Amino acid sequence: MKILAFDTSNKPLTVAVVEDGKILARADSTEEKTHSVSLLPDIKDSLQKAGLSIDDIDRIAVAQGPGSYTGVRIAVTVAKTLAFTLDKPLVGISSLRLLAANGDNGKLVVPVEDARNDNAFAGAYLKKSGEVVDVIKDQHIKMEDLFKLLANYQADQIQFVNVSEHLADLISENLPKATITLTKDSLPDAAKLAALAENEEPVKDINAFVPTYLRLTQAEHDWIKKGHKEDGNISYVEEI
């Protein structure tokens with residue numbers, strides 16, 4: 001199976017073309033540049049290096065969030081457009097699960113994305129024999145509440161990944177025996193995204209496939225402040 005996989009949910013951009021577990025081509029960047037400008041050229045370059053056309057691809061895999069609102073939307077939009085226009089299967093993978101794939105086998109891997117004010121996007125995954133299985137669902141959570149959820153696990157068997165320096169201090173104070181892997185040492189990897197997506201069921205309705213935010217966007221906050229009901233199915237663009 002030939003898989004085109006990509007992730008722009010955070011600062012790094014990663015693209016890979018993988019066939020039956022073998023990496024044919026990849027493009028990775030942590031430079032400060034606009035993913036909306038770089039993603040399609042990186043996909044094109046990766047396909048050329050792999051000696052394939054987009055029509056040769058059997059499946060498209062994308063990290064669907066949580067993460068940067070804009071970044072998640074870029075990747076999901078490109079993935080939906082390619083899958084719909086080319087009639088290709090599409091698989092969405094949690095951005096946190098993808099980060100958890102960087103953890104050590106046998107560990108309870110806790111990917112965290114700093115959401116400021118001692119909050120994080122986080123989940124917990126057991127990584128074993130190549131599988132990355134969720135144990136605590138992805139959520140937007142206060143770090144103090146996350147520590148409570150992890151209280152039933154042995155601290156020396158917990159590995160936090162994608163940790164900012166600020167969150168590293170909080171983790172060290174509360175779970176000093178846990179392993180901490182900083183963001184620079186646990187970047188998302190599109191080849192691992194392809195591996196996770198290979199055996200997943202494709203989405204049934206491409207049009208209904210949307211990013212995973214896990215908390216309200218600013219547009220949603222503003223909409224609700226104006227007296228509208230909180231409803232994930234309504235439009236946030238008002239008629240003029």
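Which residue in strand 3 does E19 stand opposite? The residue is K22. This report places that pair in its sheet and then goes through the rest of the chain. The model is a predicted one.

## Overall composition

The protein chain has seven helices and 10 strands. Of its 240 residues, 48% count as buried. Among contacts in the chain with a separation of 6 or more, 60% are accounted for by residues 24 or more positions apart.

## The sheet of strands 1 to 5

Strands in the order 3-2-1-4-5 make up an open sheet of five strands, and the pairing is mixed. Strand 3 (22-29) and strand 5 (90-93) are the edge strands, each pairing on one side only. From one strand to the next, the twist averages 15°.

Strand 2 (residues 13-19) is joined to strand 3 by seven bridges in the antiparallel sense. The opposed residues E19 and K22 belong to this part of the sheet, K22 being in strand 3. Helix 1 lies across strand 1 (2-7), strand 2 and strand 3, and runs at about 25° to strand 2.

## Helix 1 against helix 2

Two packed helices are described by the angle between their axes and the distance between the axes. For helix 1 (residues 35-50) and helix 2 (residues 69-86), the axes come within 10 Å and cross at roughly 40°. Angles under 35 degrees count as roughly parallel and those of 65 to 115 as roughly perpendicular; helix 1 and helix 2 are therefore oblique to each other. The crossing of helix 1 past helix 2 is right-handed.

On the helix 1 side, the residues that meet helix 2 are H35, S36, L39, L40 and I43; on the helix 2 side they are I74, A75, V78 and L82. Sorted by class, this contact has seven nonpolar residues, two polar residues and no charged residues.

## The sheet of strands 6 to 10

A further open sheet is formed by five strands in the order 8-7-6-9-10, with mixed pairing. Strand 8 (131-142) and strand 10 (179-182) stand at the edges; each has a single partner strand, so one side of each is left without a neighbour in the sheet. The twist here averages 20° from one strand to the next.

Strand 7 (residues 119-128) pairs with strand 8 in the antiparallel sense over nine bridges. Within this pairing, F121 stands opposite H140 in strand 8, and K128 has E131 in strand 8 as its bridge partner. The hairpin of strand 7 and strand 8 has two residues between the strands, and S129 takes a positive phi near 55° there.

Helix 5 (residues 165-174) lies across strand 6 (108-114), strand 7, strand 9 (158-163) and strand 10. Relative to strand 9, helix 5 runs at about 160°.

## A buried lysine in strand 7

Is K127 buried or exposed? K127, a residue of strand 7, has 13% relative accessibility and counts as buried, because buried means under 20% relative accessible area. Leaving aside neighbours within four places in sequence, K127 is in contact with A100, A101, N102, G103, D104, N105, G106, K107, V109 and V132. One of these, N102, is 25 residues from K127 in sequence, and the two lie 9.2 Å apart in space, C-alpha to C-alpha.

## Backbone features in loops

The peptide bond from G65 to P66 is cis, with omega near 10°. P66 is placed in the loop between strand 4 (59-63) and helix 2.

Two loop residues that are not glycines have a positive phi, as tabulated below.

| Residue | Phi | Location | Relative accessibility |
|---|---|---|---|
| D87 | about 55° | loop between helix 2 and strand 5 | 70% |
| N117 | about 55° | loop between strand 6 and strand 7 | 70% |

Exposed means over 50% relative accessible area. At 70%, D87 therefore counts as exposed, and N117 is exposed as well, with a relative accessible area of 70%.

Terms used. Residues are numbered from 1 along each chain as its sequence is written. This is a predicted model: local features need pLDDT of at least 70, side-chain atom pairs count only at pLDDT 80 or more; totals for chains, interfaces and linings use all residues. Side-chain values use heavy atoms; hydrogens and water are left out. Two strands pair if DSSP finds at least two bridges between them. Helices (H or I, at least four residues) and strands (E, at least two) are DSSP runs, numbered from the N terminus. Axes are lines fitted to C-alpha atoms, for helices over the stretch in contact, and angles run from 0 to 180 degrees between N-to-C directions. Contact means heavy atoms within 4.5 Å. Angles under 35 degrees count as roughly parallel, over 145 as roughly antiparallel, 65 to 115 as roughly perpendicular and the rest as oblique. A crossing is left-handed if the near helix is turned anticlockwise from the far one by less than a right angle, and right-handed if clockwise. Ala, Val, Leu, Ile, Met, Phe, Trp, Tyr, Cys and Pro count as nonpolar, Asp, Glu, Lys and Arg as charged, and the others, Gly among them, as polar. Buried means under 20% relative accessible area, exposed over 50%, partly exposed in between (1.4 Å probe, protein chains only).
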